[in-house]
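Reader: Hi! Could you walk me through this structure?

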Amino acid sequence: MADPQTSIPEALNTLCAGLVLISAFAMVATRQVQGVVRFFVIQSLLLSASCFLLGYSRNSRHLWTLGAITVAAKVIAIPWILRRLLPGEFYERREISQAVNIPASLLISLFLAILAEFLVGPVAAANTDPLIRINLPIGLAGVLIGAYSLIARREAIPQLVGILAMENGAFFAGIAIANELPLIAELGVALGVMLIVVVIGLLSRNIRLKLGTTEAGTLSELKEEATSWR
Amino acid sequence: MALTAVVAIPLVAALLCWLAPLRKFAWVITLISTWTVLPLAVLVSAEVLSKGRVIGLPGWIEADAFGALVLTLVSFVAALASVFAGGYMRRREHEHSRLWWFYCNYNLFAFALLSVPVLTEPNLVWVGVELITLFAVLLVGFEKTNGALEAAWKYAILTMMGAPISLLGFFALFWAYRSAGGGIPETWEGLRMLGPSMDPNLLKLSFLLVFVGFGAKSGLAPVHTWLPDAHSQAPSPVCAVLSGVKTTVPLYAILRLLSIVLASPAARVGNWMIVLGLISVGIAAFLLLQVRDYKRMFAYSTVEHMGIILTAAGFATRGSDFGAVSQMLNHAITKSLCFYVAGIILLALSTREINSVHGLFRVSPFAGSALVLCSLAIAGAPPFPIFLSEYAILSAGVRAEQHAAVAILAVLIVIAFVAILWHVNRMVFGKPTIPYSVESLPVSCRLAVILAAAPVVLLGVYIPVPVHNLLQLAAQQLGGHGP
């Protein structure tokens with residue numbers, strides 16, 4: 001993929017992209033709740049590294065700011081909020097009862113990554129910008145794999161991290177295709193993501209207090225039952 | 001000025017409710033804030049009618065006719081729901097729920113709802129829609145029963161899964177805007193002007209992603225499953241806002257984006273919307289036949305109405321756009337009435353089961369007659385406003401030569417109509433089988449029902465000229481072509 005003219009920062013960005021994808025796989029493959037959070041932080045670091053690298057190579061102050069916002073929100077604030085809101089019990093869990101076992105999950109994720117490449121291929125190929133050719137498919141793959149892990153997971157925190165990983169994927173594509181959004185919009189988005197963590201954190205704490213489970217995904221009292229036609 | 005105040009007042013009210021010495025007066029603060037916002041919103045609409053556009057913060061907070069319409073609807077429903085909440089929440093308060101926290105959230109929820117129709121920058125609209133969802137999650141789970149927490153969790157996960165997807169959609173929109181040259185600021189207005197020169201494939205991609213993300217939030221099938229759970233478990237005043245306007249506001253954003261996509265002649269998405277809209281209406285119509293909980297019944301009727309609005313927007317003619325915005329208006333006023341009525345039935349009888357309510361007329365004549373009125377109105381019987389807007393949509397569909405879609409839509413509307421009235425018939429008439437211990441209804445709840453019923457009855461027989469003009473202007477913003 002890297003042709004001879006590629007500058008070093010852009011080559012490093014390609015490396016970051018690969019690592020982002022691998023960390024998405026790692027989140028799917030990890031049973032330990034604590035491990036899932038750790039891989040999310042690593043993925044966010046890679047995302048901000050990608051921002052800084054591109055900010056450097058394109059001399060864009062905007063991308064530098066975006067990288068700084070990402071570090072502040074996703075690497076520092078979100079793990080801190082999670083720690084404050086949720087007791088250690090949430091992190092010590094090992095998830096046994098996933099809907100799909102891990103090897104199968106990895107295969108599905110691989111399939112989703114290929115699907116993402118296939119989906120955006122036509123749009124990205126028409127573009128001469130090498131950045132878009134790399135970041136857009138990987139970002140979309142991140143979104144799809146995150147969505148998949150949201151469905152397959154049962155524990156509260158891994159489900160939340162699934163949403164955050166989707167967000168990371170969207171941003172990874174975003175730094176390539178929409179890297180000059182107004183700053184207030186970027187700040188708003190970062191604030192929105194942090195509020196998602198607060199609200200879901202509060203909710204899962206209430207669920208544990210009331211129902212005594214950290215497996216929020218297994219709740220299934222409410223559903224449509226067939227009417228007794230008297 | 002009025003426009004900025006509309007957004008700022010609920011935020012200040014939320015802060016006041018949170019301050020410890022004022023917590024006792026949280027309800028009064030909420031009442032004052034929502035009833036100040038309502039006349040201001042009406043003022044904004046009046047100004048839009050005379051000037052075409054009201055500007056709060058130039059480039060960030062502005063309202064055109066469509067925005068002003070949604071703004072007024074939100075403030076109307078929020079004002080009545082806060083009246084209703086007074087009596088209802090005091091009656092159902094339990095030990096670990098703190099009322100000031102409820103009102104604090106309620107004001108924040110109102111703030112987020114009011115901000116979306118007036119923000120001009122699409123990415124900030126995304127933030128606004130996310131905030132709506134977040135505060136709604138807290139309100140749905142407020143009662144902290146097992147059911148409420150489960151409903152809140154499902155709601156949170158299902159709708160927030162849509163957040164990153166729609167975010168990617170807005171990034172793609174920005175990309176399309178940049179590659180079309182930019183120049184004018186990225187606002188709904190500017191994007192609509194650029195529409196014809198944007199890459200149709202990118203526009204379609206963006207529309208698809210935003211549609212998936214926001215469609216989940218407006219309860220469109222197949223991601224409607226959170227809606228009946230949330231609506232059966234949330235406190236009734238919250239249901240009124242959730243069902244009446246919270247589903248409409250993300251749909252508003254979808255329709256805004258649609259008007260941009262329609263401006264680009266190469267990107268045709270109308271047929272997708274018709275198909276998806278009909279799927280929603282169909283699923284809702286058949287689920288309506290077999291509901292057992294009357295709050296879930298009204299919830300499915302919301303899914304039905306969202307589908308109808310979507311289908312109408314898919315026809316994309318001037319007539320159907322008019323039908324779509326009228327349906328938004330009529331849905332908001334009628335559905336909020338339905339949930340107030342459901343709330344008083346729940347207060348009076350403490351059950352949500354359709355099968356255990358009989359002879360409501362004899363038990364509580366007020367609740368019984370209100371239920372008959374609101375369910376006739378929501379099912380779309382003449383002479384209520386929903387009948388008028390559904391008729392407008394169907395006839396616009398015929399004029400757009402979408403005969404198959406119109407036929408399917410008409411059949412499904414009739415099925416939903418029959419289903420709703422069949423359930424209500426079982427509840428209202430007959431003899432009360434079990435002796436109910438009926439509690440007297442709080443004054444504020446009765447007042448809210450009467451105030452909410454007034455426009456439902458009025459708009460069916462007489463549409464004031466300014467309202468009609470506002471609807472007409474709002475319909476033009478949707479950008480349909482042809483008759």
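Author: Happy to; here is a short chat about the chains, the core and a few backbone details.

Author: This is a predicted model, where local features need pLDDT of at least 70, side-chain atom pairs count only at pLDDT 80 or more, and totals for chains, interfaces and linings use all residues. Residues are numbered from 1 along each chain as its sequence is written, while chains are lettered from A and ligands numbered from 1 in the order in which they are written.

Reader: Cool. What secondary structure does chain A have?

Author: Chain A comes to seven helices and zero strands. Helices (H or I, at least four residues) and strands (E, at least two) are DSSP runs, numbered from the N terminus.

Reader: And how compact is chain A?

Author: Its radius of gyration is 19 Å, close to the 17 Å that the globule rule gives for 230 residues, so chain A is as compact as a globular protein of that length. That radius is taken over C-alpha atoms, and the globule rule is 2.2 Å times the number of residues to the power 0.38. Along its principal axes, the C-alpha trace of chain A spans about 70 × 35 × 35 Å.

Reader: How much of chain A is buried?

Author: Buried residues make up 48% of the 230 residues in chain A. A residue is buried if 20 or more other C-beta atoms lie within 10 Å of its own, exposed if 12 or fewer, and partly exposed in between, with C-beta atoms placed from the backbone.

Reader: Which residues of α1(A) are buried?

Author: Among them are Asn13(A), Cys16(A), Val20(A), Leu21(A) and Met27(A). Helix α1 of chain A covers residues 8–29 and reaches 31 Å from its first C-alpha to its last, close to the 32 Å expected. The expected span is 1.5 Å times one less than the number of residues in the helix.

Reader: New topic! How many residues does each chain give to the contact?

Author: Chain A gives 37 residues and chain B gives 37 residues. Two residues are in contact if their C-beta atoms, placed from the backbone, lie within 7 Å.

Reader: Which element gives the largest share on the side of chain A?

Author: That is α7(A), with 13 residues. The side of chain A that touches chain B divides into 25 nonpolar, seven polar and five charged residues. Here Ala, Val, Leu, Ile, Met, Phe, Trp, Tyr, Cys and Pro count as nonpolar, Asp, Glu, Lys and Arg as charged, and the others, Gly among them, as polar.

Reader: What about the largest nonpolar core?

Author: The largest nonpolar core has 284 residues, and those with the most contacts inside it include Leu69(B), Phe171(B) and Tyr340(B). Such a core is a set of buried Ala, Val, Leu, Ile, Met, Phe, Trp, Tyr and Cys residues joined through C-beta atoms within 7 Å. Helix α6 of chain B (residues 146–179) provides the largest share of this core, 23 residues.

Reader: Where are the cis peptide bonds you can tell me about?

Author: One runs from Ala221(B) to Pro222(B), with omega near 5°, and another from Pro382(B) to Pro383(B), also with omega near 5°. Pro222(B) sits in the loop between α8 and α9 of chain B, and Pro383(B) in the loop between α16 and α17 of chain B.

Reader: Last one: is Asn59(A) buried or exposed?

Author: Asn59(A) counts as exposed because it has 9 C-beta neighbours inside 10 Å. Asn59(A) also has a positive phi of about 55° although it is not a glycine.
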